[in-house]
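The following exercises concern strand pairing, burial and side-chain packing. Please work through each task with the model at hand before reading the solution.

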Amino acid sequence: MKHVRTTALLAACAATFLLSACGEESGQAAPAAPTGAPASDSATTSPESSTEAAAPVGDVTKPGTELKVGERAVVPFKYGTTKSGTIAITVTAIEKGANADLAKYGDKAKGITPFYLRATVENVDGADLAYSSVSLRALGADSRSTGVIITGSTDQCKSGTAGKDFTKAGAKFETCTLQGAREGSEVGSATYDKGDGYDKSPVVWKN
């Protein structure tokens, strides 16, 4: 997940709202989102922050575990400041889309190929996790960052949110995380990197 960039270039990337590829002269950026503004659809190369998760109940999948697509990981989970529990994530597919799928992003999506990380999320311990959501991250074939971050959704990849009944053990919902890579690059794996330990050693799913 290391980027070969100077500190100045990292700062410049973090300040942008939408970039096709950081470090390329052809990348175009929209104005930076104001502090406190709601999240919107964007593609950028700024670093991703992590959220410390709550203490888990029962056995969990160790940070750094490598799984195959279709296998289940049990992880501690914290959502917001009041909700915490233990969930299971099963990555069901890593799908490659087409640049045309990003038409609503306009010229800012030039040179970006979308990838769809599909998953099923299960409430393991019965904690009240109603209306929570889970996101994953894509890594390139070299197990490093793809260099592109996309937020939002497309018709081909809709982000799912837990319903009001996601408060019982066994409750499930499906979701899709939209990710991107530079044209010609591939996504080799999906990761979960939220919470203590997982931010440095994420759970990894590979095809």
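**Exercise 1. Determine how E3 and E4 are joined, and what lies between them.**

Solution. In this predicted model, E3 and E4 run antiparallel and are joined by eight bridges. One of the residue pairs to locate is Val74 with its bridge partner in E4, Ala88. Next, follow the chain from one strand to the other: E3 and E4 make a hairpin, with three residues separating them. Within that turn, Gly80 has a positive phi of about 70 degrees.

**Exercise 2. Establish the strand order of the open sheet, and identify its edge strands.**

Solution. Begin with the pairing of E4 and E5, which is antiparallel and extends over nine bridges. Two positions illustrate this pairing: Ala88 stands opposite Glu122 in E5, and Glu95 has Tyr116 in E5 as its bridge partner.

Proceed to E5 and E8, which pair in the antiparallel sense over eleven bridges. Here Glu122 is matched with Lys172 in E8, while Phe115 has Gln179 in E8 as its bridge partner.

Together with the hairpin, these pairings give an open sheet of four strands in the order E3-E4-E5-E8, with antiparallel pairing. E3 and E8 are the edge strands, as each of them pairs on one side only. On average, and with direction ignored, neighbouring strands of the sheet are turned by 40 degrees against each other.

**Exercise 3. Decide whether E4 and E5 are largely enclosed or not, using the count of buried residues.**

Solution. A residue is taken as buried when its relative accessible area is under 20%. In E4, ten of the 14 residues are buried, so this strand is largely enclosed by the rest of the structure. In E5, eleven of the twelve residues are buried, and E5 is therefore also largely enclosed by the rest of the structure.

**Exercise 4. Describe the largest nonpolar core and the surroundings of Ile89.**

Solution. The largest nonpolar core holds 28 residues, and those touching the most other members are Val75, Ile87, Ile89, Leu136, Tyr192 and Trp205. The strands that each supply at least two residues of this core include E3 (72-79), E4 (83-96), E5 (112-123) and E8 (172-182). Strand E9 (187-192) and strand E10 (203-206) likewise supply at least two residues each.

Now consider Ile89. With residues up to four places away in sequence left out, Ile89 touches Glu71, Arg72, Ala73, Val75, Ala119, Thr120, Val134, Leu136, Tyr192 and Trp205. Another core, of ten residues, lies apart from the largest one; Leu102, Tyr116, Cys157 and Cys176 are among its members.

**Exercise 5. Classify the aromatic pairs Phe166 with Phe173 and Tyr192 with Tyr198 by geometry and burial.**

Solution. Two quantities are needed, because a pair of aromatic rings is described by the distance of the centres and the angle of the planes. The structure holds three aromatic pairs. For Phe166 and Phe173, the distance is 5.2 Å centre to centre and the angle between the planes is 80 degrees, an edge-to-face pair. Phe166 and Phe173 are both buried.

For Tyr192 and Tyr198, the ring centres are 6.2 Å apart and the planes are at 65 degrees, so this pair is edge-to-face. Tyr192 and Tyr198 are both buried.

Key: Residues are numbered from 1 along each chain as its sequence is written. Side-chain values use heavy atoms; hydrogens and water are left out. A nonpolar core is a set of buried Ala, Val, Leu, Ile, Met, Phe, Trp, Tyr and Cys residues joined through side-chain atoms within 4.5 Å. Buried means under 20% relative accessible area, exposed over 50%, partly exposed in between (1.4 Å probe, protein chains only). Contact means heavy atoms within 4.5 Å. Two strands pair if DSSP finds at least two bridges between them. Axes are lines fitted to C-alpha atoms, for helices over the stretch in contact, and angles run from 0 to 180 degrees between N-to-C directions. Rings of Phe, Tyr and Trp (its six-membered ring) pair if their centres lie within 6.5 Å; planes under 30 degrees apart count as stacked, over 60 as edge-to-face and the rest as tilted.
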